[in-house]
Amino acid sequence: MNFWDSRISVDFSYYQNRSKDQILAAPIAPSTGFTAEVMNTGVVENKGVELGLRVTPVRTSSGLTWELFGTYTRNKNTVVSLLPGVDQVIIGGVSGMSIVAAVGRPYGTFYTIDYLRDEQGRMVINSETGLPEKTDAPVYLGSYNPKYMASFGTNLSYKGLALNVLFDTKQGGSFYSRTSDIMSFVGTSPITALY
């Protein structure tokens, strides 16, 4: 929608779609001589909103134009199904951290063996070794997908000369740093220092 000779523009979209036949390395019985087969399978659903707003408070006949604009995007992504009898498939990962497509969760979630914690969230320590106990199976640690993305910018132009400024953000989502993992392991990370 445009108002006042296009001084204010609003663009809004709502979408919902399902993508089927994703290319995945699906697990198969090791008795076949292989552990996975690349196939087209699974259904992933995306739904969300996109909003754009543009305002032109200054537009003169001498060629001076000043615009303000912003965007907001939110996408909810869910794995609806994979293979019959398969609830999750590893799609990548590094050093014990797996990126997984899991039914009912966003496409691209983190799973790993974590420290075992009690009901109050405290680490469980083995009384004999003094080391933290670990979970028996990989646990869900979140998705790398952001909760939303937004931007704000301005454009000032005069007779073919323009100055643009843009600020943008991604909020939410989990992050895994292999560099941080290695630095902690070898003791060069600041978090390993004694205070």
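**Close-up views of the predicted model**

**Figure 1. Pairing of strands S2 and S3.** Ser13 has Glu50 of strand S3 as its bridge partner. The model shown here, as in every figure below, is predicted. The two strands concerned, S2 (residues 8-27) and S3 (residues 36-59), run antiparallel to one another and are joined by 19 bridges. Asp21 also lies in strand S2. Its phi is near 60 degrees, a positive value in a residue that is not glycine. With a relative accessible area of 41%, Asp21 is classed as partly exposed, because this value falls between the 20% and 50% cut-offs.

**Figure 2. The chain as a whole.** The chain contains one helix and 10 strands. In sequence order, the ten strands precede the helix, giving the pattern β-β-β-β-β-β-β-β-β-β-α. The radius of gyration is 25 Å, whereas a compact globule of 195 residues would have a value near 16 Å. Along the principal axes, the C-alpha trace spans about 80 × 55 × 30 Å. Of the 195 residues, 22% are buried. The exposed area amounts to about 13700 Å², of which carbon and sulfur atoms supply 58%. Among contacts with a separation of 6 or more, 53% join residues that are 24 or more positions apart. Positive and negative side chains number 16 each, and the centres of these two sets are 10 Å apart.

**Figure 3. The open sheet of six strands.** The strands are arranged in the order S1-S2-S3-S4-S9-S10, with antiparallel pairing. Strands S1 (2-3) and S10 occupy the edges and have a single partner strand each, so one side of each lacks a neighbour in the sheet.

**Figure 4. The S1 edge and the loop to S2.** Strands S1 and S2 pair in the antiparallel sense over two bridges. At this pairing, Asn2 is placed opposite Ser9 of S2. Asp5 belongs to the loop between S1 and S2. The phi of Asp5 is near 55 degrees, which is positive although the residue is not glycine. Asp5 is exposed, with a relative accessible area of 64%, because the cut-off for this class is over 50%.

**Figure 5. The hairpin of S3 and S4.** Strand S4 (residues 64-81) pairs with S3 in the antiparallel sense over 15 bridges. Within this pairing, Asn46 has Asn77 of S4 as its bridge partner. The hairpin has four residues between its strands, and Gly63 adopts a positive phi near 105 degrees.

**Figure 6. The hairpin of S9 and S10.** Strand S9 (residues 148-158) pairs with S10 in the antiparallel sense over 11 bridges. Gly153 has Leu166 of S10 as its bridge partner. Two residues separate the strands of this hairpin, where Lys159 has a positive phi near 50 degrees. Strand S10 comprises the 11 residues 161-171, and the number of them that are buried is zero, so the strand lies largely in the open. In the sheet, S10 is also an edge strand with a single partner.

**Figure 7. Asp114 in the loop between S7 and S8.** Asp114 is located in the loop that runs between strand S7 (109-112) and strand S8 (139-143). When neighbours within four places in sequence are set aside, Asp114 is in contact with Glu133, Lys134, Thr135, Val139 and Leu141. Pro132 is 18 residues away from Asp114 in sequence, and the C-alpha atoms of the two are 9.9 Å apart. The relative accessible area of Asp114 is 24%; the residue is therefore partly exposed, as buried residues have values under 20%.

**Figure 8. Ser189 in the segment after helix H1.** Ser189 lies in the segment following helix H1 (178-186). Apart from residues up to four places away in sequence, Ser189 touches Met183 and Ser184. Its relative accessibility is 9%, and Ser189 therefore counts as buried, the cut-off being under 20%.

Key:
Residues numbered from 1 in each chain as written. Predicted model: local features only at pLDDT ≥ 70, side-chain atom pairs only at ≥ 80, totals over all residues. Heavy atoms only, no water. Rg over C-alpha atoms; globule rule 2.2 N^0.38 Å. Buried < 20%, exposed > 50% of the residue type's maximum accessible area, 1.4 Å probe, protein only. Contact = heavy atoms within 4.5 Å. Areas by Shrake-Rupley, 256 points an atom, 1.4 Å probe, with all protein chains shown as cover. Lys, Arg positive; Asp, Glu negative; His and termini not counted. Charge placed at Lys NZ, Arg CZ, Asp CG, Glu CD. Pairing = 2+ DSSP bridges.
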